[in-house]
Protein chains: 2
Amino acid sequence: MNHSKSFSRVTMGMKSSLIRELVASTKNIPGLISFAGGFPSPKTFPAQQLAEIFREVVKNEGQDVLQYGASEGDSLLKEQLLKWEGLDLSQDEMMISVGATNALYYYGKTLVDPGDVVLCEAPTFLGSLVAFDALEADCQSVPFDDDGILMAEIEAKVRSLRLRGKNIKFIYVIPDFHNPGGISYSLQRRRELIRFCLDNEIPIVEDNPYSRLRYSGEPLPTLFSLARGEFGDTSLVTEIVSFSKILGPGMRVAFAKGDKELIGKMVSWQQKINITPDCVAQRAVARFLEKGLMDPHIASIRAFYTPYLQKMLSDLERYMPESVTWTKPQGGIFLWMTLPENVNADELFHAAAQRQVSFIPGSKFYPQGQERYNKLRLNFSFATPQQIETGIRRLAELLV
Amino acid sequence: MNHSKSFSRVTMGMKSSLIRELVASTKNIPGLISFAGGFPSPKTFPAQQLAEIFREVVKNEGQDVLQYGASEGDSLLKEQLLKWEGLDLSQDEMMISVGATNALYYYGKTLVDPGDVVLCEAPTFLGSLVAFDALEADCQSVPFDDDGILMAEIEAKVRSLRLRGKNIKFIYVIPDFHNPGGISYSLQRRRELIRFCLDNEIPIVEDNPYSRLRYSGEPLPTLFSLARGEFGDTSLVTEIVSFSKILGPGMRVAFAKGDKELIGKMVSWQQKINITPDCVAQRAVARFLEKGLMDPHIASIRAFYTPYLQKMLSDLERYMPESVTWTKPQGGIFLWMTLPENVNADELFHAAAQRQVSFIPGSKFYPQGQERYNKLRLNFSFATPQQIETGIRRLAELLV
């Protein structure tokens with residue numbers, strides 16, 4: 001039987017992951033220094049603490065955590081999360097999901113019919129573009145500068161889309177330590193975006209995997225907390241927080257907070273697709289929080305990555321020609337480089353692979369047809385400081 | 001902001017779970033004896049063994065299992081599963097998912113466009129009906145007898161659907177210890193179904209949560225192994241196996257086996273929706289298998305449930321009036337009761353709740369518009385043998 005002739009429309013249109021192919025193409029290069037992935041350093045995983053917690057949880061609470069759990073997530077975990085974040089929310093304004101992309105998929109399934117417009121930043125996280133593709137959304141991107149999304153551009157985009165009768169379902173943004181952009185929204189830009197979205201009735205989904213990984217500067221309020229606080233609005237913003245970069249992505253635990261009715265529908269989608277997230281992992285995160293281990297652990301990760309970022313920034317300063325610029329993030333795990341207009345990062349990728357250094361070409365972070373080619377993303381959380389110097393030098397030699 | 005006006009079409013059409021509502025309505029009845037759920041007995045969870053395995057896995061392999069894993073699932077787990085089942089498959093004919101319903105959703109997303117026909121048994125597992133609803137499939141059901149799906153009925157159904165130009169994407173069946181039906185397909189019916197589906201090019205998805213929970217009689221080959229063996233066909237059948245009833249549903253680990261290309265697309269869906277299943281739980285299952293703990297553990301569950309089934313069957317025999325019949329399963333966790341034509345199990349549910357006993361009315365296990373009302377499902381894995389006697393007696397008193 002040949003199944004391919006009866007694949008669904010979306011399945012037929014699926015492309016294999018471009019990043020996977022790129023990464024696979026460099027897999028067998030000996031001595032390759034990779035700035036490509038988005039993997040946290042395994043040295044930051046609190047494996048010894050978690051090993052004991054997993055044992056305790058399964059030993060003492062096995063009858064509970066090995067059984068089916070609630071589709072909205074473990075109420076003990078939600079209780080710990082509400083306490084940890086210090087937010088005045090009720091449990092039904094929060095759900096637990098199988099990682100952040102999973103919550104974003106539920107959010108999208110709740111709102112998007114095929115052809116509906118989803119607004120995003122240009123560039124944006126590739127995994128989210130892939131999820132929007134799976135929803136058959138019409139993904140429209142808006143550029144940003146060092147302070148966040150460009151308000152004039154989003155206003156023009158929304159006006160033009162609505163004039164054409166398009167149905168805008170939401171805007172997806174990453175205001176803190178943007179992936180791949182490396183920037184964070186200023187406080188003013190956060191306020192402007194919220195005001196604009198309230199006035200234009202465009203829900204915001206705020207992807208927040210990185211805000212707790214700040215190495216310098218002062219923390220800024222999330223869109224979620226600004227909207228609830230200053231603007232007194234409880235329904236505009238849905239925030240998705242991942243534990244992938246602050247605990248370990250293999251555990252697949254994330255949570256979403258937002259409007260009660262919207263969260264309720266996301267839970268209905270979870271019931272249809274996953275029934276419930278892993279109950280053992282959820283309870284392990286709950287106990288990790290309850291024991292007060294989270295904040296000291298995050299402080300240790302910040303201390304761990306600080307020299308990595310500093311090293312990459314100083315090596316870029318030292319080795320890169322003047323025609324090349326890059327963002328100077330205060331946190332997260334990525335920075336974003338702009339090459340001269342005539343340099344194509346997709347081509348540079350292959351030349352760099354020959355020189356045993358890799359990155360992700362910037363074109364992969366735009367919706368189809370909206371690409372920019374003189375950009376690239378550098379990750380600084382995986383290669384060691386020694387490798388960072390060698391890798392940046394190799395890359396610079398190709399650009400001089 | 002009122003989100004409900006911009007919900008997607010499918011989200012607007014979502015009904016809250018009928019079973020959830022039923023179960024919630026009986027929640028505060030003191031002394032209720034429940035035959036309603038599909039929960040395994042927590043006494044069957046190997047919590048002490050798993051507690052040590054979780055600890056070892058996170059302690060010794062934390063750098064690996066706390067990191068992002070492969071979307072197709074942990075290759076170490078797949079290796080152990082292939083060894084355990086003794087099948088001659090390659091790794092790319094298998095994927096790991098976040099429970100069995102999750103694999104079924106991926107299977108459906110791979111094949112179904114809105115309006116496509118999905119064939120299923122009548123009655124069938126409610127969770128799967130819910131997943132097919134989420135795919136906007138046109139779900140068409142075919143009745144079965146004690147030997148399995150009725151071949152004359154499925155032939156007529158397929159002919160009539162195709163005459164009307166309908167696109168049949170697959171048939172979903174539960175051949176072993178059917179939920180809710182309590183029957184298992186005879187060997188002959190298995191062969192007839194495979195032959196028919198090969199001739200008519202209708203892929204089969206075989207849901208297999210229970211085949212290893214056999215308390216009497218001889219095991220029969222799965223459709224998957226029959227198709228690959230006797231029929232020499234590697235693409236017709238996709239089998240989904242869950243660990244929910246033989247290890248613990250809270251761990252959310254299941255696997256699917258089938259045609260390489262089809263499995264590859266299911267993996268692409270997993271990449272978009274969950275990235276990867278929980279890597280810690282996957283590795284814990286792998287080590288549980290590797291240590292040779294699985295088969296003795298399953299033998300202990302079989303020994304545990306055997307008296308539960310015997311007790312329920314003998315109490316039914318003892319207390320029920322002659323007008324009531326029921327299936328006599330050799331395994332699984334459910335049996336299916338047929339009441340006189342004029343008795344409505346939806347109404348009986350409320351009367352039974354007053355008498356402190358519950359079950360799931362049979363109507364919930366049919367696609368909308370195809371319900372039967374004089375049926376009900378009884379679970380025998382959760383209430384104790386003492387409770388079984390009391391509960392069956394109470395129920396019988398309402399039917400005499």
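Visitor: In which loop does F177(A) lie?

Guide: This is a predicted model. F177(A) sits in the loop between β6 and α8 of chain A.

Visitor: What is the phi value of F177(A), and what kind of residue has it?

Guide: Phi is near 50° at F177(A), a positive value in a residue other than glycine.

Visitor: Is F177(A) buried or exposed?

Guide: The idea is to count neighbours: 20 or more other C-beta atoms within 10 Å make a residue buried, 12 or fewer make it exposed, and anything in between is partly exposed. F177(A) has 26 C-beta neighbours inside 10 Å, so it counts as buried.

Visitor: What does the count say about Q356(A)?

Guide: Q356(A) has 16 C-beta neighbours inside 10 Å and therefore counts as partly exposed. Its phi is near 65°, again a positive value in a residue other than glycine. The loop that holds Q356(A) runs between α13 (345-354) and β12 (357-358) of chain A.

Visitor: Back to the loop between β6 and α8. Which peptide bond is cis in chain A?

Guide: The bond to look at is the one from N179(A) to P180(A), which is cis with omega near 5°. P180(A) is found in the loop between β6 (168-173) and α8 (187-200) of chain A. In chain B, the bond from N179(B) to P180(B) is cis, with omega near 10°. P180(B) is placed in the loop between β6 (168-173) and α8 (187-200) of chain B.

Visitor: How do I read the sheet in chain A, and in what order do its strands come?

Guide: Read a sheet by its strand order, then by its pairing and its edges. Eight strands of chain A form an open sheet in the order β2-β9-β8-β7-β6-β3-β4-β5, with mixed pairing. At the edges stand β2 (94-97) and β5 (148-149) of chain A; each has a single partner strand, so one side of each is left without a neighbour in the sheet.

Visitor: In what sense do β8 and β9 of chain A pair?

Guide: Strand β8 (residues 237-242) of chain A pairs with β9(A) in the antiparallel sense, over four bridges. For a single pair of residues, take E239(A), whose bridge partner in β9(A) is K257(A).

Visitor: Which strand holds F255(A), and what does F255(A) touch?

Guide: F255(A) lies in strand β9 (residues 254-257) of chain A. Leaving out residues up to four places away in sequence, F255(A) touches L81(A), M94(A), M95(A), I96(A), S97(A) and V241(A). F255(A) counts as buried because it has 24 C-beta neighbours inside 10 Å. Sequence distance and spatial distance are separate readings: F255(A) and A103(A) are 152 residues apart in sequence, yet 7.3 Å apart in space, C-alpha to C-alpha.

Visitor: What share of the contacts in chain A joins residues at least 24 apart?

Guide: Among contacts between residues at least 6 apart in sequence, 75% join residues at least 24 apart.

Visitor: Which residues touch the most other members of the largest nonpolar core?

Guide: That core has 238 residues, and V118(A), M266(A), V285(A) and V118(B) touch the most other members. V285(A) touches L77(A), F243(A), L247(A), M251(A) and V253(A), again not counting residues up to four places away in sequence.

Visitor: How many helices and strands does chain A have, and why is it called compact?

Guide: Chain A has 14 helices and 14 strands. Its radius of gyration is 21 Å, close to the 21 Å that the globule rule gives for 400 residues, so chain A is as compact as a globular protein of that length. The C-alpha trace of chain A spans about 60 × 60 × 55 Å along its principal axes. Of the 400 residues, 53% count as buried.

Visitor: How many residues of each chain are in contact with the other chain?

Guide: An interface can be read by residue count, by element and by residue class. Here 67 residues of chain B are in contact with 67 residues of chain A. On chain B, the elements that each supply at least two residues to this side include α1 (9-13), α5 (100-111) and α10 (260-273). The largest share, twelve residues, comes from α3(B). By class, the residues on this side of chain B divide into 32 nonpolar, 21 polar and 14 charged.

Visitor: What rotation superposes chain B on chain A?

Guide: A rotation of 180°, with 0.0 Å of shift along its axis, does so with an RMSD of 0.0 Å. The two copies are thus related as by a two-fold rotation axis. In chain B, the C-alpha nearest the axis belongs to R55(B), 2.6 Å from it. The same surface serves both copies, as 100% of the contact residues of chain B recur in chain A.

How values were computed: Residues are numbered from 1 along each chain as its sequence is written. Chains are lettered from A and ligands numbered from 1 in the order in which they are written. This is a predicted model: local features need pLDDT of at least 70, side-chain atom pairs count only at pLDDT 80 or more; totals for chains, interfaces and linings use all residues. Two residues are in contact if their C-beta atoms, placed from the backbone, lie within 7 Å. Ala, Val, Leu, Ile, Met, Phe, Trp, Tyr, Cys and Pro count as nonpolar, Asp, Glu, Lys and Arg as charged, and the others, Gly among them, as polar. Copies are superposed by least squares on the C-alpha atoms of residues with pLDDT of at least 70 in both. A nonpolar core is a set of buried Ala, Val, Leu, Ile, Met, Phe, Trp, Tyr and Cys residues joined through C-beta atoms within 7 Å. The radius of gyration is taken over C-alpha atoms; the globule rule is 2.2 Å times the number of residues to the power 0.38. Two strands pair if DSSP finds at least two bridges between them.
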